[in-house]
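Trainee: I am new to this structure. May we go through it together?
Mentor: Certainly. Please have the sequence and the model open.

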Amino acid sequence: MDPRDDSRHEPRQAPYGEARWPMAAAVIAAAVLTLLLPDDLRLGPRWALPVVEGLLLVALIAGDPGRISRRSNALRGVSIALVGVLACGAIWSTLRLTDDLLHGGDETNSADALLQAGGSVWASTVLAFSLLYFELDSGGPAARAHHMPPTPALAFPQHLSPELNATHWRPRYIDYLYLGFTNATAFSPTDVMPLSPWAKIVMAVQSVVSLLILGLVIARAVNVLA
């Protein structure tokens, strides 16, 4: 052993696990938005998606309560499944809303109903994509709690600016929620740069989805009010 190697003497740092509740609150909010959607904009019966999302969330909390720091293939699978259900529900609602806007539907003939349905679908997509970024970036929150890779999939300002001295900084859910919101309103990266191919593709898809919702909803609302 090299006597100059003092790594074995370095104290092991505790994992930087973040609290579970912000992510859980986002899942609950998405479930509530699903319940508020008109029946023809929802994937399956009114209760189906919220129940599935609730069961998956309970499994995550039971397997890793408090702070997110337990690395487990089973928990990772549950997290991916939860995000997949949320994303599928949001994209389905977007497609159904687009179809109604193009061909006419009950909720598109009233400006109030249209804005309520469009706002719920848009907010659902923001939450779904924010959780997608949260779960896929750098191996997920549990992996980030123990180790950040030299080159993350999503580069935040703390990664890009050495003067911030963010050696031990970890992105939290609120950072990914901000990313999802700004990408949905600016239709392009703002202060967070996608570095990996999957991040670029997902951000591009979210921009297209958001542009589709906002553009068609606003155009239809103006037409109805006129």
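Mentor: We shall discuss aromatic pairs, salt bridges, one helix and two loop residues. Please keep in mind that this is a predicted model.

Trainee: Let us begin with the rings. How many aromatic pairs are there?
Mentor: The count comes to 5 aromatic pairs.

Trainee: What about W122 and F181, how is that pair arranged?
Mentor: Their ring centres are 5.9 Å apart and the planes meet at 75°. Planes over 60 degrees apart count as edge-to-face, so W122 and F181 form an edge-to-face pair.

Trainee: Where do those two residues sit in the chain?
Mentor: W122 belongs to helix 4, which covers residues 111–136, and F181 belongs to helix 7, residues 173–186. The pair links distant parts of the chain, with the two positions 59 residues apart.

Trainee: Is W122 buried or exposed? And what of F181?
Mentor: W122 has a relative accessibility of 16%, so W122 counts as buried. F181 is at 42% and therefore counts as partly exposed.

Trainee: Which class of pair do F134 and Y173 form?
Mentor: F134 and Y173 are edge-to-face, because their planes stand at 90°, with the ring centres 5.6 Å apart. This pair also links distant parts of the chain: F134 lies in helix 4 and Y173 in helix 7, 39 residues apart. Both residues are buried.

Trainee: Which residues form an aromatic cluster with F134?
Mentor: F156, Y173 and Y176 join F134 in one aromatic cluster.

Trainee: And what lies over the face of F134?
Mentor: R144 does, at 5.3 Å from the ring centre.

Trainee: Let us change topic. How many salt bridges does a search of the whole structure find?
Mentor: The search finds 6 salt bridges. One of them joins R76 to E135, whose closest N and O atoms are 2.4 Å apart.

Trainee: Why does the pair of R76 and E135 tie together separate parts of the sequence?
Mentor: R76 lies in helix 3, residues 73–103, whereas E135 lies in helix 4, so the bridge ties together parts that are 59 residues apart in sequence.

Trainee: How accessible is R76, and how accessible is E135?
Mentor: R76 has 27% relative accessibility and is therefore classed as partly exposed. E135 has a relative accessible area of 6%, so E135 is buried.

Trainee: What about R96, which residue does R96 bridge to?
Mentor: R96 forms a salt bridge with D99, and the closest N and O atoms are 3.6 Å apart. Both residues lie in helix 3, separated by 3 residues, about one turn of the helix. R96, at 25% relative accessibility, counts as partly exposed, and D99, at 30%, is also partly exposed.

Trainee: Which residues are linked in a network of salt bridges?
Mentor: D39, R42 and R46 are linked in such a network. Within this group, R46 bridges to D39, with the closest N and O atoms 3.2 Å apart. R46 is partly exposed at 39% relative accessibility, while D39 is exposed at 54%.

Trainee: Now helix 2, please. What span should helix 2 have?
Mentor: Helix 2 covers residues 48–63, which is 16 residues. At 1.5 Å a residue, the helix should span 22 Å. The end C-alpha atoms are 23 Å apart, which agrees.

Trainee: Which residues of helix 2 are buried?
Mentor: The buried residues are A48, L49, P50, E53, L56, L57 and L60.

Trainee: And what covers them?
Mentor: The cover includes helix 1, residues 21–36, and helix 3. You have already met helix 3 as the home of R76.

Trainee: One last topic, the loops. What is noted about the phi of S138?
Mentor: S138 has a positive phi of about 55°, although S138 is not a glycine. The residue is found in the loop between helix 4 and helix 5, the latter being residues 141–146. With a relative accessible area of 14%, S138 is buried.

Trainee: And F187, what is the phi there?
Mentor: F187 has a positive phi of about 60°, and F187 is not a glycine either. F187 is found in the loop between helix 7 and strand 4, residues 193–194. Its relative accessible area is 32%, so F187 is partly exposed.

Conventions:
Residues are numbered from 1 along each chain as its sequence is written. This is a predicted model: local features need pLDDT of at least 70, side-chain atom pairs count only at pLDDT 80 or more; totals for chains, interfaces and linings use all residues. Side-chain values use heavy atoms; hydrogens and water are left out. Rings of Phe, Tyr and Trp (its six-membered ring) pair if their centres lie within 6.5 Å; planes under 30 degrees apart count as stacked, over 60 as edge-to-face and the rest as tilted. Helices (H or I, at least four residues) and strands (E, at least two) are DSSP runs, numbered from the N terminus. Buried means under 20% relative accessible area, exposed over 50%, partly exposed in between (1.4 Å probe, protein chains only). A charge sits over a ring if NZ of Lys or CZ of Arg is within 6 Å of the ring centre and within 35 degrees of the ring normal. A salt bridge is a side-chain nitrogen of Lys or Arg within 4 Å of a carboxyl oxygen of Asp or Glu. The expected span of a helix is 1.5 Å times one less than its number of residues. Contact means heavy atoms within 4.5 Å.
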